[in-house]
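Q: I should like to learn how to read the features of a protein structure. May we take them one at a time?

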Amino acid sequence: MKYQRVHLLLCHGTACVSAGSEKIDEAIKEELEKHGLEKEVRLVPTGCFGFCAMGPVMLVYPEGVMYCRVKPEDIGEIVCEHLLKGRIVERLLYKEPDGKDRVAELSNIEFFRHQRREVLHNCGQINPEDIGEYIARDGYFALAEVLTKKTPREVIDIITKSGLRGRGGGGFPTGRKWSYAGHATGEIKYVICNGDEGDPGAFMDRSIMEGDPHAILEGLAIAGYAIGSAQGYIYVRAEYPIAVQRLEHAIGEARKTGLLGKDIFGSGFDFDIELRLGAGAFVCGEETALLHSLAGRRGEPRPRPPFPAVDGLFHRPTLINNVETLANVPRIILKGAPWFAGIGTEKSKGTKVFALAGKINNTGLIEVPMGTSLRTIIYDIGGGIPKGREFKAAQIGGPSGGCLPKEYLDTSLDYESLIELGAMMGSGGLIVMDESDCMVDIARFFLEFTQDESCGKCTPCRVGTKRMLEILQRITQGEGEEGDIELLKSLAEDIKGSSLCGLGQTAPNPVLSTLRFFEDEYIAHIRDKRCPAGVCSSLLRFEIIPEKCTACTVCARVCPVEAISGTPRKPPFVIHQDICIKCGACQAKCPFGAIAKV
Amino acid sequence: MVTLTIDEQKVTVPEGTSVLEAAWKIGIDIPSLCYLKGLNEVGTCRVCVVEIEGSKTLQASCVYPVAEGLVVRTNTPRVLKARRTALQLLLSEHPQDCLSCYRNMNCELQALAHRFNILEIPFRGEKREPPNDEKSVAVMREPAKCIRCRRCIAVCSKVQQAFVYSAVHRGFDSMVSPAFGLSLDDVACITCGQCANVCPTAAIHEPDNTKEVWEALHDPEKWVVVQVAPSIRVTLGEEFGLQIGSVVTGQLVAALRRLGFDKVFDTDFTADLTIMEEGHEFLEKLKSGGPFPHLSSCSPGWVKYCEHFYPEMLEHVSTVKSPHSMFGALAKTYHAEKIGVDPARMVVVSVMPCTAKKYEINRPEMTDSGFKDVDVVITTRELARMIREAGLDFINLPEEEFDEPLGIASGAGLIFGATGGVLEAALRTIYELETGKEFPLPQYEQSLRGMDGLKEAEVEMPQGLIRVGIAHGTGNAKQILEKIKAGEKYHFVEIMGCPGGCVGGGGQPILSFRRGWEGSMDYRMDRADSLYKAEQELPYRKSHENPEIKKIYREFLGHPLSEISHKLLHTSYTARSRYPLSKTKV
C-alpha cells in the first residue's frame, strides 16, 4: 500500500448521501486531480458519524479535523487551503450551540466527547465496502478465535457472562437465547439478523448496517457456530437501499475472502448468509412475523410457544438477534466478557445506541454506556434545547415506549428502570420534547402509528387501538368527555394484557405513560377544552389584545379567510372565531404583538 | 401425559393438548370464537384468554400447549374483563343488525354476547362498511360482519385447497378477501360453500332465494315442481332440533306439499338415471379403452374446481349432468308433456345441500329443455326457513310419500348423498350388467364407505381388474389427481366437492364445531350412516331395477346414451383460469 499523507473521510450514510455526499465525492476527485494530489490524498467513503444534522460530514486525517455541512463548492477551498496550505477552513468547522468558538477536532466536540463508541467504533472510521479496512481494525479476529480455539458451548458461555441483552426492544438475555437455540435438536438450524428497524425516527441499526456491515456478518457467523447453524439470514427493510447494497457487497467480499462459505479458517465450520428484504411492515420486527415474512408469507405474528428457538424458520430451530446485538458480539469475544460486563449497570451491560431527535440542538446517533442519565444525553451530548426553551419530557422506546418528565432527568437509562417508569428501552429512539409539545397529541401520534402498523390479526390490537385512538382524537379536538381517561386506562390494560404479540402488548404504553405524568394536560383538554401547549388547533383561539392594537390593518390583510375586520385607525380589530382557521398568520405578522394565542 | 392445574383442579391430558381442550375436558367452559380444532388454531379473537402463572400477559388458551405443572386460571376478574372487552370491541365494529340477520339465533358472536351479558358497548367509533359481495349467485359475503377469525381462509386453503381467501390490508382496515378485493364470482371460487359452513357469523352465506320460491308458489299461473336431493332427508331435522342424522323423509314431503308445491319429487330418481347413463358411458370406455380414469360429474363444486385447477383433466370428466339438472331437463320435457303442462309455466325448484348448484343452474349449458332446466335452488337451510315461516310443526307432520313417477328411487340413488355412494351405486349396476351376478357389496363396504379422504378398491370385471378411487373435498381430489398425473392407474374415480360428500355440503345446517374439524367429520359420518340405514328399507337397491327408470327408457329416452339422452342429460365443461379474466371453451 502506498503512503498517503492525507485521508479524507466522507460520510456516506443515508442522511449525508441525501445531503449530497456523492456530488462531493466527484468534486473532491476533480479537485485532487486538478492539483495532482490523487496519489497523496486518499478519499475514504465511510458509514455514519452520527452527527447527521451537520451532514454531509467530512473528517480530515491525520489532524482529525471535522468539517460540517460541506457542499461541493466548498471542496476547492478545502483542497487549496487545508490540503495544500495547511490552513483549516474555519467557516466549515462545527460551532457549539452556546455560540462560542468553533471546534476543529472531532474529539473535542461536546457531542462526541461524552459518548463511548463501542458498537459504532467503525462507523465513520472505515470504508464499509472494503473488507480490508474492517480486518485492519481486528475484524474477523473474533470469528477466527472462536472457530479455532473455542467450543460452541464456550462461546455461549462468554456471551452469557458478558450480560449482553437484546437491543431490539425487550432486552432478553442474549446468552440465554443462544443457549435455547443451541440446545434445540435438529440437523438444520438458522440464525437470523433482524434488521427490520421501524420505530419512527430511529436509525441505529441502519447506521450499523451501512457503516460496519462486516461486524454483523461476523456476529452472525459466531452465533451460527455457537448454536450449530450453517445458514444465516439478514432480514432488512427494502426502505434501506444503502444498507442493502453495503450488506450485499460485504457478503460478496466475505465469501471471496473465505470468511463465509465452506470450512472457514480450516475449522470445518461452514456458514453462509443470505439477504432477505422486508416490505416495510413495522410488525415484521416481531420475531414470528419476521419468520413468516422471511418465508414469503404475510408478515403476521403467531402465538408463542412454540418459540423460534424450537420451531422457527421453515419449522427449524432458529435464533433471531437484532443488528446492534450481533454487532456487539465480535467485540465481546475479542475483549472478553469481563470487559463488556464492566460497562453499564448491574443488570444492563455494555453501551446503547440512541437516535436523538426532537427539540434538541445536536440531533443524531449517539452511543453511551448503559445507565447514562438523560441529563448527560440531552445537555452534554445533545447540547440542550433550542431557543432556550424548557425541557418537558423525553420519549424513549418509540411507539412501544413512554416518556420521562424532567423529574427523571437523572434516572439511569437501563432496561429495568425504564420499564419501572412505564417506558422501555425499545430499539433506542429518543425524542426530546419541550414546553411547546402537547403530551396528548404525542400519545395520539404514536397510537396512530401503531394502529396503522397493526397487522389486524387479533381483536384487541386491531379494534382496541383504533378505539383508543378515536378517544384521543376526540380529546385533542375538544370533544373529550368525563370518563374518557378511565376508559382509556381500562382499555389500555386489556390491550396490553390480551394482545397476541408485542406490538399490541406495548401499543398503549405512550398513552399510559403520558397519563401517568401529564394527566393534568388530559384534564385541561377534556374539562377546560384547552391545550396548555397550544398545539391542538381545535382548542386554540387567536384574540386581539385591544390595548395593543393600533388598527394598522396588517392582520386583516394577511388573513387568508378574511376572518379579521375593523376600521382602519380605529382600534381594536376583531377576529371572527367562526371563520378563523387558526393558521397563526396574523400573530406572526402583527408588528405590535397585539395578537395572542389562548 | 401431562398434569396441570386449572382453577385449582388437576387434569391429566396428552402432551400437545391445548389448555382450552384440557379445561373443556373437566367441564370448564372457556368461551371461544375463532378456534376450530384441527383446522384453525390461530388465536386471533382473544376471547379464550386465561391467566397462566408466570406469564405477564394473558394467553389464548386455544393455542397454548399444556405443560407439566402449568397453573391456569380461567375466571379471574382480569380474564373476564379482557374477554368482555374483546367481545365489546368486536361488537363495536359490527353492524349489530341481529334482528334482520341471516344468522339470527344461529350466530356464535351473538351467542357469546348473550353469554357474557353484554348489555352495552362502551366504545363508539368508526365502523368499516365494506360493500357486500353479491355478485356470485352461489355464495355471498357481508364483510362488515366478519370478525377476522379466518376459519374461511383455513377451510378454503387447507381442506378445499382453492385458496380463495386471504387476510389483506393492515390495522383497522385489515379484512379477509379474495385476491385484489375481487368478487367471489371473479376468482377461482368453486362455490362449494364450505366457508359459509364454518363462518361463525353471517359474513359468508348463500344468497337467499326463498323469495323467488314463494313468488312462484303464490302465482296461480305457475306449476311448481320441487325435487329433493338425497341428503336433505337426513339433515333437515337438525334445523328443528332433532338429533344429527335423524331421517325425516316423510315429514319433508309433507312439509313441501303444505308449502304449496304442485308435485314433490325425489332427485334420487335422476340419481338412478345418472347411474344408467354414466354406467354405460363407463362401460363404453371399458370397451374402447378409455380415456381413463373416468371421473364422476355429479358434484358441481368439484366440476368447477376441475375447470379452474385441472382443466387438462376435463376430458376425463363424465359428460353426464348432475342428477338435479337431469331432473330439470326431464321435468320440462317428458313430465310436462305427460301431464299436459306447458313447460313455460313450469317452475322447477331444487332443494339441495349445496351452494354450488345455485351456480350450476345458471350455466348456459343447463337449458337443454328449451328453458332454464332448474329455476331455483334452495339449500337445506333455506327450506328450513320457509317451513318455519309457514308455521309448520315440522317434527309432528304426518309422514307422506313422494309423488310418482319422478319420485320413485332405489337405494342406490339415495346413497348418492354420501362420499363413495355414487361409485357404490355405479358398481351395483355395472357389475351386474356385465357379470349377471349381484355386486358382492359386503366385501367392499369397508373400502367404499366412511370418511377417509381417499378410498380405493379393485373389482374383478369380465374386462379385467378395474381399480376405482374415491375422494371427497377438493383438497383430497387434488391429491388423487396428482397421483393420476404421476401415472397411477385408476379406471373410475368418484369425486365430491365437499368433505363427506353431500351430507357435508355447503348448504347444510350449520354444524357445531365445538368438537373441532374432526368432530365435524364425525357428524358428517352420522348423517351418512343414516342414508345407508334408510337405503336398506327401500324396495329396490339397484338403479337398473327401478321400474320408473325402465319406464322412462321405454317411453321416452330409448336406451342409455341415446340421442335424446345426449341432448337432455349430458353436458360440456369450460376450462377456466386460476386467475381472473381468461376463460376458454374446451
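Q: In which hand does α9(A) pass α11(A)?

A: The model before us is a predicted one. In this model, α9(A) passes α11(A) in a left-handed crossing. The two helices, α9 (residues 204-211) and α11 of chain A, pack at an angle of about 35 degrees, and their axes are 8 Å apart.

Q: Which residues make the contact of α9(A) and α11(A)?

A: From α9(A) come A:Arg206, A:Met209 and A:Glu210, while α11(A) provides A:Ile242, A:Ala243, A:Arg246 and A:Leu247. Sorted by class, the contact has 4 nonpolar and 3 charged residues, with no polar ones.

Q: At what angle do helix α7 and helix α10 of chain A pack?

A: Helix α7 (residues 152-162) and helix α10 (residues 213-227) of chain A pack at about 120 degrees, with 7 Å between their axes. An angle from 65 to 115 degrees would count as roughly perpendicular and one over 145 as roughly antiparallel. The pair α7(A) and α10(A) is therefore oblique. The crossing of α7(A) and α10(A) is left-handed. Its contact is made by A:Pro152, A:Val155 and A:Ile156 on α7(A), together with A:Ile222, A:Tyr225 and A:Ala226 on α10(A). By class, this contact of α7(A) with α10(A) has 6 nonpolar residues and neither polar nor charged ones.

Q: Let us turn to sheets. In what order do the strands of the open sheet in chain A stand?

A: A sheet is read strand by strand, from one edge to the other. Here 5 strands of chain A form an open sheet in the order β9-β10-β8-β7-β11, with mixed pairing. The edges are held by β9 (261-264) and β11 (318-322) of chain A; each has a single partner strand, so one side of each is left without a neighbour in the sheet. From one strand to the next, the twist averages 25 degrees.

Q: How many bridges join β7 to β8 in chain A, and do these strands run parallel or antiparallel?

A: Strand β7 (residues 190-195) and strand β8 (residues 231-237) of chain A run parallel and are joined by 6 bridges. As an example of partners, A:Tyr190 is bridged to A:Gln231 in β8(A). Helix α11 (residues 241-257) of chain A packs on the sheet and touches β8, β9 and β10 (269-278) of chain A. The direction of α11(A) makes about 165 degrees with that of β10(A).

Q: How many residues lie between β1(B) and β2(B) in their hairpin?

A: In a hairpin, one follows the chain along a strand, through a turn and into the partner strand. There are 2 residues between β1(B) and β2(B), and B:Asp7 in the turn has a positive phi of about 45 degrees. Strand β1 (residues 2-6) and strand β2 (residues 9-13) of chain B run antiparallel, with 5 bridges joining them. The bridge partner of B:Ile6 in β2(B) is B:Gln9. On pairing with strand β5 (residues 71-73) of chain B, β1(B) runs in the parallel sense over 2 bridges. There, B:Thr5 has B:Val71 of β5(B) as its bridge partner.

Q: Where is the cis peptide bond of A:Pro62?

A: To recognise a cis peptide bond, one inspects the backbone angle omega. A cis peptide bond joins A:Tyr61 and A:Pro62, with omega about 15 degrees. A:Pro62 belongs to the loop between β3 (58-61) and β4 (65-67) of chain A. Another cis peptide bond joins B:Gly290 and B:Pro291, with omega about 0 degrees. B:Pro291 is in the loop between α8 (267-288) and β12 (294-295) of chain B.

Q: What is the phi of A:His315?

A: The phi of A:His315 is positive, about 65 degrees, although this residue is not a glycine. A:His315 is in the loop between α12 (287-294) and β11 of chain A.

Q: How many residues does each chain give to the contact of chain A and chain B?

A: To read an interface, one counts the residues on each side and then asks which elements supply them. Chain A gives 26 residues and chain B gives 30. On the side of chain A, α17 (439-453), α18 (459-476) and α19 (484-498) are the elements giving two or more residues. Of these, α18(A) gives the most, with 8 residues. By class, the side of chain A that touches chain B has 9 nonpolar, 8 polar and 9 charged residues.

Technical notes. Residues numbered from 1 in each chain as written. Chains lettered and ligands numbered in written order. Predicted model: local features only at pLDDT ≥ 70, side-chain atom pairs only at ≥ 80, totals over all residues. Axes fitted to C-alpha atoms, helices over the stretch in contact; angles between N-to-C directions. Helix = DSSP H or I, 4+ residues; strand = E, 2+ residues; numbered from the N terminus. Parallel < 35°, antiparallel > 145°, perpendicular 65-115°, else oblique. Left-handed = near helix turned anticlockwise from the far one by under 90°. Contact = placed C-beta atoms within 7 Å. Nonpolar A, V, L, I, M, F, W, Y, C, P; charged D, E, K, R; others polar. Pairing = 2+ DSSP bridges.
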